[in-house]
Amino acid sequence: SAAGPNTVLFPVRGIEEDVVWSATQPAQRPRLEADQTATYLWQARLSSERRDKAAYEASMSRVILWAGRLNADVKESPPSDRAAIGASVSAGSSLLPDLKSSPANQEQDQASQVTSILGEVEGQVRQGDGDQGGGG
């Protein structure tokens with residue numbers, strides 16, 4: 001479902017995503033989580049630009065959920081997925097400076113929280129590449 005955060009179908013989208021996540025093999029989840037994190041960061045940024053506080057909050061709630069899952073699961077990802085995960089995280093992270101410079105304190109706080117989580121993920125991706133690089 002492509003329901004945006006400002007639609008009544010947004011909660012249904014979350015349920016669908018949770019079903020897909022639950023059915024995904026644990027080693028494959030980090031790629032899904034990275035993609036979802038980046039997607040929701042994009043939606044949060046658009047919502048912030050439109051000054052749509054409810055849509056922003058809904059998107060950031062999902063960002064924090066998916067980024068947290070990613071942070072917990074990234075170490076389980078196969079080495080072959082690490083570049084794609086890193087690229088998704090970098091793409092999402094590139095949207096954070098705009099949110100951190102927002103005049104709304106809540107947006108700044110949430111963006112800082114996500115920056116911290118994604119920084120941990122990037123560290124794990126780099127560490128995992130070093131631990132498993134060349135031997136895969």
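User: Leaving aside neighbours within four places in sequence, which residues is glutamate 17 in contact with?
Analyst: First, a heads-up: this is a predicted model, where local features need pLDDT of at least 70 and side-chain atom pairs count only at pLDDT 80 or more, while totals for chains, interfaces and linings use all residues. Residues are numbered from 1 along each chain as its sequence is written, and side-chain values use heavy atoms, with hydrogens and water left out. Glutamate 17 lies in helix α1 (helices are DSSP runs of H or I with at least four residues, strands are runs of E with at least two, both numbered from the N terminus). Contact means heavy atoms within 4.5 Å, and on that basis the partners of glutamate 17 are Gln36, Tyr40, Arg62 and Trp66.

User: Is glutamate 17 buried or exposed?
Analyst: The cut-offs go like this: buried is under 20% relative accessible area, exposed is over 50%, and partly exposed is in between, using a 1.4 Å probe and protein chains only. Glutamate 17 has a relative accessible area of 10%, so this residue is buried.

User: How many helices does the protein have?
Analyst: Following the chain from the N terminus, the elements run α-α-α-α-α-α. There are zero strands, and the number of helices is six.

User: How are the rings of phenylalanine 10 and tyrosine 40 arranged?
Analyst: Rings of Phe, Tyr and Trp (its six-membered ring) pair if their centres lie within 6.5 Å; planes under 30 degrees apart are stacked, over 60 edge-to-face, and the rest tilted. A search of the whole structure turns up one aromatic pair. Its ring centres, in phenylalanine 10 and tyrosine 40, are 6.0 Å apart and the planes sit at 85°, so the arrangement is edge-to-face.

User: Which helices does that aromatic pair link?
Analyst: The two residues are 30 apart, so to speak, in distant parts of the chain. Phenylalanine 10 is buried at 6% relative accessible area, and tyrosine 40 is buried at 0%. Phenylalanine 10 belongs to one helix and tyrosine 40 to another, namely α1 and α2.

User: Which residue has its charged end over the ring of phenylalanine 10?
Analyst: A charge sits over a ring if NZ of Lys or CZ of Arg is within 6 Å of the ring centre and within 35 degrees of the ring normal. Tryptophan 21 has such a partner too: arginine 69 lies over its face, at 4.0 Å from the ring centre. For phenylalanine 10, the charged end is 3.9 Å from the ring centre and belongs to arginine 62.

User: In the largest nonpolar core, which residues touch the most other members?
Analyst: A nonpolar core is a set of buried Ala, Val, Leu, Ile, Met, Phe, Trp, Tyr and Cys residues joined through side-chain atoms within 4.5 Å. The largest one has 24 residues, and the members touching the most others are Leu41, Met60 and Leu99. Helices α1, α2, α3, α4, α5 and α6 each supply at least two residues of this core. Leucine 41 itself, leaving aside neighbours within four places in sequence, has contacts that include two of those three names, Met60 and Leu99.

User: How far apart are the end C-alpha atoms of α3?
Analyst: The expected span of a helix is 1.5 Å times one less than its number of residues. For the 21 residues of α3 that gives 30 Å, which agrees with the distance in the model, 30 Å.

User: Which residues does serine 47 touch, not counting those up to four places away in sequence?
Analyst: Serine 47 is in helix α2 and is buried, with a relative accessible area of 0%. Tyrosine 56, one of its partners, is found in helix α3 and is buried at 1%. The full set for serine 47 is Pro5, Asp52, Ala55, Tyr56 and Ser59.

User: What is the C-alpha to C-alpha distance between tyrosine 56 and leucine 46?
Analyst: Leucine 46 is in helix α2 and is partly exposed, with a relative accessible area of 29%. Its C-alpha atom is 9.8 Å from that of serine 59, 13 residues along the chain. Tyrosine 56 and leucine 46 are ten residues apart in sequence, and their separation in space is 8.0 Å.

User: Where is arginine 51 found?
Analyst: Arginine 51 has a positive phi of about 60° although it is not a glycine. At 71% relative accessibility, arginine 51 counts as exposed. Its place is the loop between α2 and α3.
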